[in-house]
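Trainee: Could we go through the side chains of this one? I would like to start with charges placed over aromatic rings.
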Amino acid sequence: MPQYVNLVKLCVGCESVEDLARYQRERGMGDPDWLPRHVTRMWPKREAELLAGGSLYWVIKGAILARQRILRLDEVIGQDGIRRCGLVLARDIHRTNTAPRRAFQGWRYLAASDAPADLRADREGDDALPAELSAQLAEIGIF
């Protein structure tokens with residue numbers, strides 16, 4: 001049994017995995033040491049389990065479509081003085097099998113046993129289906 005846990009989070013503002021990748025590339029332009037970071041208000045209590053191999057699974061248009069490995073958690077103090085958690089992610093975005101997910105606030109833990117598998121290597125180059133169609137197909141059990 002895996003000894004790690006994952007997080008699942010809505011990818012607000014992105015219509016596709018390509019949008020997410022483009023957004024992250026643009027944020028890190030010009031800095032070879034830059035790593036993607038997502039700041040969230042709540043600090044995960046299960047930090048050790050996350051850092052033992054966990055990933056952030058991205059929900060795009062109603063379905064989990066991708067994941068990024070969580071490398072570390074950074075403390076981020078906002079201009080308002082409130083402590084937040086910076087989820088520092090690996091640059092690589094791994095496409096996953098489609099898994100429908102209803103909208104929710106913040107992030108949720110996702111057990112390793114419940115996480116969708118990465119797409120097979122021979123499917124990585126497939127043209128992506130529209131996110132809504134992919135989610136509907138997953139909902140009826142085709143994906």
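Mentor: A charge sits over a ring if NZ of Lys or CZ of Arg is within 6 Å of the ring centre and within 35 degrees of the ring normal. This is a predicted model, in which local features need pLDDT of at least 70 and side-chain atom pairs count only at pLDDT 80 or more, while totals for chains, interfaces and linings use all residues. Residues are numbered from 1 along each chain as its sequence is written, and side-chain values use heavy atoms, with hydrogens and water left out.

Trainee: Which residue lies over the face of Tyr109?
Mentor: The face of Tyr109 is covered by Arg46, at 4.9 Å from the ring centre.

Trainee: And which one lies over Trp43?
Mentor: That is Arg83, which is 4.2 Å from the ring centre of Trp43.

Trainee: How many aromatic pairs are there?
Mentor: The count is 1 aromatic pair, taking rings of Phe, Tyr and Trp (its six-membered ring) with centres within 6.5 Å; planes under 30 degrees apart are stacked, over 60 edge-to-face, and the rest tilted. Trp107 and Tyr109 make up the pair, in an edge-to-face arrangement with 5.1 Å between the centres and 75° between the planes. Tyr109 is thus a residue with two contacts to look at: the ring of Trp107 and the side chain of Arg46.

Trainee: Is Trp107 buried or exposed?
Mentor: Trp107 is buried, at 13% relative accessible area, where buried means under 20%, exposed over 50% and partly exposed in between (1.4 Å probe, protein chains only). Its partner Tyr109 is partly exposed, with 29% relative accessibility.

Trainee: Changing topic: how many disulfides does the structure hold?
Mentor: It holds 0 disulfides, a disulfide being a pair of cysteine sulfur atoms within 2.5 Å.

Trainee: Why is Cys14 not bonded to Cys11?
Mentor: The two sulfur atoms are 3.6 Å apart, and therefore too far for a bond; Cys11 holds the cysteine sulfur closest to that of Cys14.

Trainee: How accessible is Cys14, and what about Cys85?
Mentor: Cys14 is buried, with a relative accessible area of 10%. Cys85 is buried as well, at 0%.

Trainee: One backbone item, then: what is the phi of Lys61?
Mentor: Lys61 has a positive phi, about 55°, although this residue is not a glycine.

Trainee: Where does Lys61 lie?
Mentor: Lys61 is in the loop that joins β3 (55-60) to β4 (63-77); helices (H or I, at least four residues) and strands (E, at least two) are DSSP runs, numbered from the N terminus. Lys61 is partly exposed there, with a relative accessible area of 34%.
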